[in-house]
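I opened this entry to record what I looked up in one structure. My notes take up a pocket first and helix packing afterwards.

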Amino acid sequence: MSSFESLSLSKKLKSVLSELGYQKPTPIQEQSLPILLQGRDLIGQSATGSGKTAAFTLPILESFDRDIPDLQRNPILKALILCPTRELCLQVASEIRKLGKKHMGLKVLPLTGGQPLGPQIAALEKGIHIAVGTPGRICDHLRKGTLATESVKTLVLDEADRMLEMGFAEEMDFIFGRLPSERHTLLFSATFPTGIEKLSRKLQRDPVKIIIPKEPENRPNIEQRAYVAHPFEGETFEFTDRLKLVLHVLREFSPESGIIFVNFKADAVELLHELNRFHISAGALHGDLEQVDRDRVMAKFRNQSLRILIATDVAARGIDIDSVDVVINFDLPQKPDVYVHRIGRTGRAGRAGRAVSILLPRQIPKLEHLEKLTDSKINRIENVDLRSTALSDVGANLELASTMTTLFISAGRKNKMRPGDILGALTGEAGGLKGSEIGKIEIQDYFSFVAVHKSVAKRALKSLQEGRIKGRRVRAELAR
Ligand code: AMP
């Protein structure tokens, strides 16, 4: 199959695909769509970025045309999609909306934790067709009786292995117990531990198994390195020793964007403090943050107001970012597959990537294991000896500040805010900024972020605060 033409998809969907520029199916789509369109269950292994969202969404949309020709009048829940993280839910919901743009009246709702329940309940009361949620929040709604699932025809488990790893098994069980047994069940997972096999046996009927191996030519171009600290008697790898190595690496690469992975939340906090002390533009993402703070850090990192993101693995799961210049492992992760996941943040979309780990000589066997696992060479820089160099010297004059800063605006999509409104308020007679001084504009549900050059930040703030957007005053401030 070389195009979508030969599939039994409606004209409407085919035209959407061509408008989106999807010329031919990706391998997972090519293999799964014919099966899914026949209504069979599927267990699939396929990486994020492989197009699996469209693979499971197209059959759902196709069934809508058959089952509920008038979506507007029949807002009943037909599909439930479970994802491990909020970010992934939002990504999936946005892809579904894109594919469903010609399905008039289609209601897709992300239901995730960290968000107030009120607006979710209000949206549920009006009725929806597709829910994309984390197991925890879906469970909350089921318990409250605010989500009716008796009409669900399709259940999708996305990144099922991650959901189990994150301890959602109990919530998932509760959800499955509330679904009609007559349904279509699709399970996607990066790995197939026994837990997943069991889940499949419990939930699926004679599923077709599809495994899409990562193609060698799709292998990302990542140079992997390890900086091995100088060995000496009785050495433990103290925070300061690691910090020096990190600063050393940052000086060497001077990345525009980089992620530093840490195993412990406490290290994330301390590292952020230290990097800021050396005027490095950095933010941290870890489990203790409130959702608004996570959103803010991610928005700032995406719009390049922050050059370095420090993250724990759990907090970084599913976050939506482009390829970064470098990934630094502050510690080697406990599990080797986490290493693979981490370095996958660089070297994507055809860009050159770098992954750097800092470690002690005694961790070299671990490194060799990672080389086997990734089927690639990790270049070692041994005997890196920074013991006699003062921390203040290692970190001196690092030029890693950002030229951009982020403004927070207290209105978002729900206030009908569009990027053009913000651009309009900042440029032209109203704001006087040049287009080149404005960076990425990101509209969220209830607020927006815009990146501007630091040199014009004050002026930009003033025009936002004094002017009106869409005829009303908005609150604008420097995003912390
Ligand atoms: P996913 O793996 O679902 O996260 O999809 C990865 C990206 O590929 C998304 O941004 C989709 O919009 C895009 N995509 C999905 N299917 C196709 C296709 N057949 N051709 C081109 N792009 C696609």
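I worked from a predicted model. I began with the lining of the second largest pocket, which comprises 20 residues. Nearest the centre of this pocket I noted Thr-85, Arg-86, Met-166, Gln-291 and Arg-294. I then looked up the volume of the second largest pocket and found about 320 Å³.

Next I sorted the lining residues by character. Six are nonpolar, nine are polar and five are charged.

Which helices each supply at least two residues of this lining? I listed α4 (86-99), α6 (135-144), α12 (291-302) and α13 (313-316).

I also asked where the second largest pocket lies with respect to domain 1 and domain 2. Residues of the lining come from both domain 1 (4-211) and domain 2 (222-394), so I placed the pocket between the two domains.

I turned to helix packing and took up α6 again, this time with helix α8 (residues 169-177). The axes of α6 and α8 come within 9 Å of each other and cross at roughly 45°. That angle makes α6 oblique to α8, since oblique covers the angles left over once roughly parallel (under 35 degrees), roughly perpendicular (65 to 115) and roughly antiparallel (over 145) are set aside. I entered the crossing of α6 and α8 as left-handed.

My last pair was helix α10 (residues 239-253) and helix α11 (residues 265-277). Their axes lie 11 Å apart, and the packing angle is about 55°. I therefore recorded α10 and α11 as oblique to each other. The crossing in which α10 passes α11 is right-handed.

Notes. Residues are numbered from 1 along each chain as its sequence is written. This is a predicted model: local features need pLDDT of at least 70, side-chain atom pairs count only at pLDDT 80 or more; totals for chains, interfaces and linings use all residues. Side-chain values use heavy atoms; hydrogens and water are left out. On a 1 Å grid over the protein atoms alone, a cavity is a set of points where a 1.4 Å probe fits but cannot get out, and a pocket is an open set with protein on both sides within 12 Å along at least five of seven lines; lining residues have an atom within 4 Å of a point. Grid points are joined across faces, edges and corners, and a volume is the space filled by probe spheres set on the points. Helices (H or I, at least four residues) and strands (E, at least two) are DSSP runs, numbered from the N terminus. Ala, Val, Leu, Ile, Met, Phe, Trp, Tyr, Cys and Pro count as nonpolar, Asp, Glu, Lys and Arg as charged, and the others, Gly among them, as polar. Domain bounds come from an automatic or database domain assignment. Axes are lines fitted to C-alpha atoms, for helices over the stretch in contact, and angles run from 0 to 180 degrees between N-to-C directions. A crossing is left-handed if the near helix is turned anticlockwise from the far one by less than a right angle, and right-handed if clockwise.
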